[in-house]
Amino acid sequence: PALVFWCGMQKKNYASFPDLPLPNTEYRLYRWRWLILIALLLLNLSSGMMFLTYSPIPNYTAVFYGVPESYVNGFSITYSATTFFIGLISIIILDTCGLRISLYFGASCNLIGAVIRWISTIPPVLCSHDYQRSGYMVAMIGQTITAFAQPFLLFAPTKLASFWFGPKERAFCTSITSIGNPVGIAIAYLLSPHIVESNGLPTLLWIYAIPAAVALLLTIIAFRKSKPDTPPAPSANVEDDSVLGFLHGLRQTDTGLWVTIMIFSGVAGAIIVSIVLGYTKKYKEVGVITLGLSVLCFIWFSQVSRLYDQSVNVLLSLCVFGFFALPLVPVCMELGVEITYPVGEAISSGLLWSSVQVFAVIFIALSTAYESPLSQDLISISKCSHDPVQHASYCNTSIIDIIEYTPQDMTNVVYLYMALIVMAFLYMVVLFKPSYKRVESDKKGEVRIKQGLLSSASKAHL
């Protein structure tokens with residue numbers, strides 16, 4: 001609250017509907033913007049790794065901290081809940097303090113939380129009392145602190161694109177910096193099982209702290225200013241309205257590999273879509289196409305995932321689904337800015353990402369409620385890891401922990417998600433009728449500039 005109050009005192013008065021810039025306004029693109037883009041990309045990548053560090057390894061995490069496996073879901077739920085509740089504060093700080101201070105704070109929280117999570121694995125903390133429960137609580141505190149960072153990082157891409165990049169580059173900037181988070185999740189799914197199996201959880205946590213430290217250092221170097229001295233486009237020269245006025249069942253290593261492949265295929269799709277958006281500005285049309293193809297791919301996955309010996313088909317369906325689904329992130333972020341302009345970019349992005357966190361908690365709860373143990377006839381032909389594994393206790397090597405896992409049937413959950421994505425597609429096609437206000441602002445600004453130049457030329461000729 002003190003930081004919000006201080007930033008509010010520094011904020012200049014807003015104009016409710018400011019005029020477009022004067023015809024003689026100059027615009028400029030700085031090369032420095034690419035270093036800023038890399039810094040925010042690395043921050044979001046590190047945040048994604050922090051978000052789902054423990055989810056790919058629930059049994060190892062539960063045994064290490066001496067808690068039931070259901071407690072491991074608390075790490076991701078806490079992350080989503082914290083992001084939602086901190087979301088409004090982060091919107092205010094981004095809107096009033098600007099990108100530089102907001103990302104300094106977010107990057108610092110990301111690193112501090114990562115270090116605290118590693119501290120939870122130190123024997124004096126882990127084994128102090130109550131059979132390792134103290135280590136779990138310290139890890140949860142660290143996870144919560146890293147969650148403080150996520151809304152500042154997730155809400156920033158559209159603001160960065162608007163302040164530092166030209167109209168044809170904005171979609172690309174938003175795409176690259178936004179997909180850093182899901183790429184970080186993919187890295188966590190890929191690396192966590194392998195590192196834990198070979199080196200243990202403490203090694204995993206300090207390895208994940210390294211990108212957070214590098215991201216903080218690069219943020220300090222790159223973000224010398226929140227916005228450039230000369231704006232890149234007419235719409236960037238307009239003051240924003242203030243917010244104050246407005247898969248179970250697979251082996252963990254298999255799951256990590258498949259999720260990673262799906263997300264990286266989505267990265268390729270997002271890059272292609274961002275280029276298309278930069279030149280066409282057809283946000284709804286591109287969104288309808290990608291969402292519609294995502295629906296078809298998800299239906300494809302829901303069918304082949306129930307068949308025996310269809311690993312190639314399942315992997316192919318996930319790759320194509322990721323290729324069309326992940327680009328929806330930058331499409332929705334840019335579309336949100338367009339339809340709410342001149343409301344600040346942090347406000348529209350913040351509300352969208354906050355709703356994502358709410359739905360994440362709801363979907364985790366629904367997945368738990370609708371899953372059921374896999375039947376014996378399916379277990380006999382499945383690739384699920386269901387054999388008990390013996391593991392020595394980390395605090396007392398004379399105690400042997402038995403890791404048991406019952407494979408779950410997620411058919412009902414998949415069908416539920418399929419129904420929801422179909423409903424979203426129908427809403428976007430039939431009821432959603434957006435108005436591209438920022439695009440119109442840029443066009444009007446360019447017209448006024450040309451008129452001003454012609455007027456100046458005529459006067460000079462006379």
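These exercises work through one predicted protein model. Residue numbers start at 1 along each chain as its sequence is written, and the model is predicted, so local features need pLDDT of at least 70, side-chain atom pairs count only at pLDDT 80 or more, and totals for chains, interfaces and linings use all residues. Side-chain values use heavy atoms, with hydrogens and water left out.

**Exercise 1. The whole chain**

Task: State how many helices and strands the chain has, and what share of its residues is buried.

Solution:
- Step 1. Helices (H or I, at least four residues) and strands (E, at least two) are DSSP runs, numbered from the N terminus. The chain has 19 helices and four strands.
- Step 2. Buried means under 20% relative accessible area, exposed means over 50%, and partly exposed lies in between (1.4 Å probe, protein chains only). The chain has 462 residues, and 52% of them count as buried.
- Step 3. Now take the surface. Accessible areas come from the Shrake-Rupley method with a 1.4 Å probe; for residues, only the protein chains shown count as cover. The chain's accessible surface is about 21,300 Å², and carbon and sulfur atoms hold 68% of that.

**Exercise 2. A salt bridge**

Task: Find which side chains meet in a salt bridge, and which parts of the chain they tie together.

Solution:
- Step 1. Apply the rule: a side-chain nitrogen of Lys or Arg lies within 4 Å of a carboxyl oxygen of Asp or Glu. The count is one salt bridge.
- Step 2. The partners are Arg 33 and Glu 169, at 2.9 Å from N to O.
- Step 3. Arg 33 sits in helix H2 (residues 33–51), and Glu 169 sits in the loop between helix H8 (157–164) and helix H9 (170–178), so the bridge ties together parts 136 residues apart in sequence.
- Step 4. Check burial. Arg 33 is buried at 7% relative accessible area. Glu 169 is buried too, at 18%.

**Exercise 3. Nonpolar cores**

Task: Describe the largest nonpolar core and name the helix that gives the most to it.

Solution:
- Step 1. A nonpolar core is a set of buried Ala, Val, Leu, Ile, Met, Phe, Trp, Tyr and Cys residues joined through side-chain atoms within 4.5 Å. The largest one has 76 residues.
- Step 2. Tyr 65, Leu 99, Leu 160 and Leu 201 have the most contacts inside this core. Helix H11 (residues 201–222) gives the most, with 10 residues.
- Step 3. Look at Leu 201. Contact means heavy atoms within 4.5 Å. Beyond its neighbours within four places in sequence, Leu 201 touches Tyr 54, Ile 57, Phe 64, Tyr 65 and Val 196.
- Step 4. A second, separate core has 27 residues, including Val 286, Phe 321, Ala 325 and Val 439.

**Exercise 4. A patch on the surface**

Task: List the residues of the nonpolar surface patch, and say which helices each supply at least two of them.

Solution:
- Step 1. Patches are made of residues with over 30% relative accessible area and no salt bridge; like charges are joined within 9 Å, and nonpolar side chains (Val, Leu, Ile, Met, Phe, Trp, Tyr) within 5 Å.
- Step 2. Val 115, Trp 118, Ile 119, Trp 206, Ile 210 and Val 214 make a patch of about 500 Å².
- Step 3. Helix H5 (99–119) and H11 each supply at least two of these residues.
- Step 4. Take Ile 210 as an example. Ile 210 belongs to helix H11 and is partly exposed, at 43% relative accessible area.

**Exercise 5. Aromatic pairs**

Task: Classify the ring pairs Tyr 65 with Phe 75 and Phe 298 with Phe 301 as stacked, tilted or edge-to-face.

Solution:
- Step 1. Rings of Phe, Tyr and Trp (its six-membered ring) pair if their centres lie within 6.5 Å; planes under 30 degrees apart are stacked, over 60 edge-to-face, and the rest tilted. There are 16 aromatic pairs.
- Step 2. Tyr 65 and Phe 75 have ring centres 6.5 Å apart and planes at 45 degrees, so this pair is tilted. Tyr 65 lies in helix H3 (residues 58–65) and Phe 75 in helix H4, 10 residues apart. Both Tyr 65 and Phe 75 are buried.
- Step 3. Phe 298 and Phe 301 have centres 6.1 Å apart and planes at 45 degrees, so this pair is tilted. They are three residues apart in helix H13 (residues 283–304), about one helical turn.
- Step 4. Find a residue that touches this second pair. Val 414 is in contact with Phe 298, Phe 301 and Ser 302, leaving aside its neighbours within four places in sequence. Val 414 lies in helix H18 (residues 411–430).
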